[in-house]
Amino acid sequence: MLNSIKQKLISLFELFSKLPKLHRQLIVGLSLVCMLLVLAPTSYRLASTDIALPELVDPEYIATVEQHVSMPNIPDYEWVVEAGDTLGDVFSLFNLSYTMSKILEADKNVLSLDVINKGDKYRFWLRGNDDSYDSKNIVLTRMEQVLGIEHQVVFQRNGDGFEYQETILEGSWRQRRINGVIKSGSSFYKSAVALGLPANDVAVIGRLLKSKLDFSRHTAAGDKFQVVISSQYIGDIATGNTKVEGVRFFNRKQVYSAFSFKGNYFDSAGDGLERAFSRYVVNARYRVSSRFNPRRKHPITGLIRPHNGTDFATPKGTSIYSPGDGVVKRVVRHKYAGLYVEIQHSYKYRTRYLHLSKSLVRKGQRVKRGQKIALSGNTGASTGAHLHYEFHVNQKPINAMGSKVPVVIGVDRKSMLAYKKRVLDLIKLMESEKLTKANTNSNNSG
Ligand SMILES: [Zn+2]
């Protein structure tokens, strides 16, 4: 019986592939409409409470995501996060508490479920045991987390557990300049924000130039500034992410400048403006008990469980020091990662510390390189006391013990010509008479 259905499907597919393109598009379109009609009432039956279900399909989502990520089919349920919502709410709606714990087990390696932001979308693919859609027997086969059009995480069922795949699109970056003057009674911060420079980027500029210029004491009304920032786009849609490409600040006949080059910032002479990272975050050389391994498999379940960090065999209570300056983004308790801390060092770099016994910092706090931030421990799912340390570049984990951890001193001699050219290009844009609104550029700024 099943075989004959399969045969029919294969011949249908062959017929389909021979049709002209327009016909095929029509068939796909009509099929989507039919699927909607079939799925819609099913989803209403799924909800055992009287919570209103959101629209099944967001046309904007289909248009933007289809181009980049293959979509298996239309989700059965979509949850758009509102203020006060928790992940637990939506899982208990479908009696899926056990499933949630299995998803969190996979999330230990990506930690994307701790920060639930208003407006984020979660899509659920559900089926009943025996495909019967009995609300007491729902099985979650796939969950998609849409954290922005450039950022998605997919949790896909594999046996009793889940595996994740994180997609971060680079898109393209469009440059624009913001030139201004500090007005009397104002500050650089206020004047720049008033002209549309995002507050994050003003803070970045403050950090880059702080070793040369004290913004709170030495800047004055009449000081000029020129900034080139770029905004990230996926197609024609802005993601909201921006970064500083270059800045010049004119104060008391001096020019203070910073230019990004290959993701790091330098002054006009090519000297680095950011402090290098320390390689180690603990004082003694503890044994590495587990290395960075993005392709690790779980020995029993066979599930892909990337090891995105380096484990050090630290006894409980070992002091952990920040490897660079930064801002504490998270202090979170996770069922599997335990108590963990995340520090954002710049647009490009962040670090994470898992299984802690104690955090010595709070969210939003500024930290300096070498500052004690936490004590190691054994919290979450951990077989013994250790520190799990992660180093991320552009939101992707890299080997913290490898060669890519930046030890920025200055532009190397081989790249100096390219750097000088980039500085000239940025200054040209800052000085240009015409206000160039959007200057598409996706080259060496990443
Ligand atoms: Zn680890």
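Which residues does Phe259 touch, not counting residues up to four places away in sequence? Here are some notes to read alongside the structure.

1. **The opening question.** Phe259 touches Gly246, Tyr265, Phe266, Arg422, Val423 and Leu426, leaving aside residues up to four places away in sequence. Please keep in mind that this is a predicted model.

2. **Confidence.** The average pLDDT of the chain is 81, and 78% of the residues score at least 70. Residues 1–20 have a pLDDT below 50, and beyond near neighbours in sequence this stretch has three contacts in the model. Over residues 32–70 the pLDDT also stays under 50, with 42 contacts beyond four places in sequence. I would read both stretches with that in mind.

3. **The main core.** Phe259 also turns up in the largest nonpolar core, which has 26 residues. The residues with the most contacts inside this core are Ile205, Leu208, Val227, Val247, Ala258, Phe259 and Phe266. Two or more residues come from each of helix H6 (188–194), helix H7 (199–209), S7, S8, S9, S10 and H9. H7 gives the largest share, five residues. As background, nonpolar side chains tend to be buried together in soluble globular proteins.

4. **A second core.** Separate from that one is a core of 20 residues, which includes Phe292, Ile320, Leu339 and Ile343.

5. **Helix H9.** This helix covers residues 416–431. Its 16 residues should span 22 Å at 1.5 Å a residue, and the end C-alpha atoms are indeed 22 Å apart. Tyr419, Arg422, Val423 and Leu426 are its buried residues to look at. They sit on the same side of H9, because they cover an arc of only 100° around the axis. The general rule helps here: an α-helix has 3.6 residues a turn, so residues three or four places apart point the same way.

6. **The two faces of H9.** What do the buried residues of H9 pack against? Their partners are strand S7 (224–234), strand S8 (237–251), strand S9 (254–261) and strand S10 (264–266). On the face turned away from the buried side are the exposed residues Leu417, Lys421, Leu424, Lys428 and Glu431.

7. **Two hairpins in a row.** S8 and S9 run antiparallel and are joined by six bridges. Asn251 has Gln254 of S9 as its bridge partner. Two residues lie between these strands, and Arg252 in the turn has a positive phi of about 45°. S9 then pairs with S10, again antiparallel, through three bridges. Here Phe261 has Asn264 of S10 as its bridge partner, and two residues lie between the strands of this hairpin.

8. **Positive phi values to check.** Lys262, in the loop between S9 and S10, has phi near 50°, a positive value in a residue other than glycine. Is Lys262 buried or exposed? Neither quite fits: with 16 C-beta neighbours inside 10 Å, Lys262 counts as partly exposed. Asn394 also has a positive phi, about 50°, although it is not a glycine. Asn394 lies between strand S19 (387–393) and strand S20 (396–398), and it counts as partly exposed with 13 C-beta neighbours inside 10 Å.

9. **A link across the sequence.** Thr301 is in the loop between strand S11 (288–290) and strand S12 (310–312). Its C-alpha atom is separated by 8.6 Å from that of Asp160, although the two residues are 141 residues apart along the chain. Thr301 touches Gly159 and Gly161, not counting residues up to four places away in sequence. With 13 other C-beta atoms within 10 Å, Thr301 is partly exposed.

Terms used
Residues are numbered from 1 along each chain as its sequence is written. This is a predicted model: local features need pLDDT of at least 70, side-chain atom pairs count only at pLDDT 80 or more; totals for chains, interfaces and linings use all residues. Helices (H or I, at least four residues) and strands (E, at least two) are DSSP runs, numbered from the N terminus. The expected span of a helix is 1.5 Å times one less than its number of residues. A residue is buried if 20 or more other C-beta atoms lie within 10 Å of its own, exposed if 12 or fewer, and partly exposed in between; C-beta atoms are placed from the backbone. The arc is that of the directions from the helix axis to the C-beta atoms. Two residues are in contact if their C-beta atoms, placed from the backbone, lie within 7 Å. A nonpolar core is a set of buried Ala, Val, Leu, Ile, Met, Phe, Trp, Tyr and Cys residues joined through C-beta atoms within 7 Å. pLDDT is the predictor's confidence in each residue, from 0 to 100. Two strands pair if DSSP finds at least two bridges between them.
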